[in-house]
Amino acid sequence: MNCPTIKKKGVSRMQTIRFYPFVSTGKEKDEETGYGYFGARYMDHELMTMWLSVDPMADKYPSISPYAYCAWNPVKLVDPDGRDWVVVFDHKNKTVTIEAKYVVKKGDEDAKKSAENAVSVWNSLSGEYGLKVGKDNYIVNFDLSVIDDSEVDASNSDRNLNTYRLKSSFSNPNVRGETNRNSIYVLASDKDDFVVSSHEVGHSLGLIHPIGGQKGLMEEDGGMKSGHHEITTDNVRNIIDLALHPNNRDPNWHSGVGGYREKGTSSVDILKPLNINLYKRNKK
Ligand SMILES: [Zn+2]
């Protein structure tokens, strides 16, 4: 099985993000350790291809595959030309805010609580990082919020919408959550598991499983084996990088698509590359 994944080269800001296939041993590992891994869907290249080809046609051919359940997936809610998250540069207040909204079905309190838990993991990073933009230092904030589908404002051109759903089971019993670009599904029995839910939110922000021994939340098992569930500096850097350079996103992965804008503008256009550098701040 081939699994496209992410690798970062170089240390300077202008590095490109490259993607390399590698051979997955996910199945064997799963059998050895007895626990599931989140990325199972993505580890199966054939399944991934099927998903990619089925999803856009789901309405047209609703019974084309067992995976056609995504036909009910309310992707229509989401502006297809929009962005799943946006990085907002506020030059006046010197902040950089990663913004996204997660839409739950109105009345689904379990999904709402699960999504709120998940985004709180990311939001708690606000202030942890600084971003040097030219000569200026900006503070990096996360503003991920949960709304229900009655709150979606169709007139808002900068919606950054994702959907967040609980599922009672996946066809692969090892899967505990999956993300298809801006649609997150978390196993209902894992609704209170911060690792599962926040890992999937990471995918919606464009992140894929790291290789090269990088530990942390975005490991395919959410760091269960390594014991590292933390969001890494590379994760935050990649989110901003992918918002600035969405073409660097691996098209074979249905991770989220980002954009960026400057506060006070409504467009989510991709502007010229900035000379920026992310660093960990020394907080008091
Ligand atoms: Zn994953």
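## Nonpolar core

A nonpolar core is a set of buried Ala, Val, Leu, Ile, Met, Phe, Trp, Tyr and Cys residues joined through C-beta atoms within 7 Å. In this predicted model, the largest such core has 47 residues, and those touching the most other members are Val87, Tyr102, Ala115, Val119, Ile239 and Ala243.

For Ala243, leaving aside residues up to four places away in sequence, the residues touched are Trp85, Val86 and Val87, together with Gly258, Gly259 and Tyr260. Ala243 is one of the buried residues of helix H6. Strand S3 covers residues 85-90, and strand S10 covers residues 258-262.

## Chain and confidence

The chain contains 6 helices and 11 strands. Of its 284 residues, 37% count as buried. Among contacts with a separation of 6 or more, 61% are between residues 24 or more positions apart.

Mean pLDDT for the chain is 71, with 64% of residues at 70 or more. By element, the lowest mean belongs to strand S2 (residues 17-23), at 27, and the highest to helix H4, at 98. Residues 1-81 stay under 50 in pLDDT, and the model has 118 contacts beyond four places in sequence for this stretch.

## Strand S3 and its partners

Strand S3 (residues 85-90) is largely enclosed by the rest of the structure, because 5 of its 6 residues are buried. S3 is joined to S10 by 5 bridges, and these two strands run parallel. Another 5 bridges join S3 to S4, in this case antiparallel.

Val88 has a partner in each of these strands: Arg261 stands opposite it in S10, and Thr97 is its bridge partner in S4. S3 and S4 form a hairpin with 4 residues between the strands, where Lys94 takes a positive phi near 55°.

## Helix H4

Helix H4 has 15 residues, 109-123. The distance from its first C-alpha to its last is 20 Å, close to the 21 Å expected at 1.5 Å a residue. The buried residues of H4 are Ala111, Ser114, Ala115, Ala118, Val119, Val121 and Trp122. Viewed down the helix axis, the buried residues of H4 fall within an arc of 145°, so they line one face. An α-helix has 3.6 residues a turn, so residues three or four places apart point the same way.

The cover over the buried residues of H4 includes strands S4 (95-104), S6 (136-148), S7 (161-167) and S9 (183-187), as well as helix H5 (194-204). Two residues of H4, Ala115 and Val119, are among those that touch the most other members of the largest nonpolar core.

## Helix H6 and Arg237

Helix H6 runs over residues 233-244. Its end C-alpha atoms are 17 Å apart, which agrees with the 16 Å that its 12 residues should span at 1.5 Å a residue. H6 is mostly covered, with 9 of the 12 residues buried. The buried residues are Asn235, Val236, Arg237, Asn238, Ile239, Ile240, Asp241, Leu242 and Ala243.

Arg237 in H6 counts as buried because it has 21 C-beta neighbours inside 10 Å, where the cut-off is 20 or more. The C-alpha atom of Arg237 is separated by 9.3 Å from that of Leu131, a residue 106 places apart from it along the chain.

Key. Residues numbered from 1 in each chain as written. Predicted model: local features only at pLDDT ≥ 70, side-chain atom pairs only at ≥ 80, totals over all residues. Contact = placed C-beta atoms within 7 Å. Expected span 1.5 Å × (residues − 1). Arc of directions from axis to C-beta. pLDDT = per-residue confidence, 0-100. Pairing = 2+ DSSP bridges.
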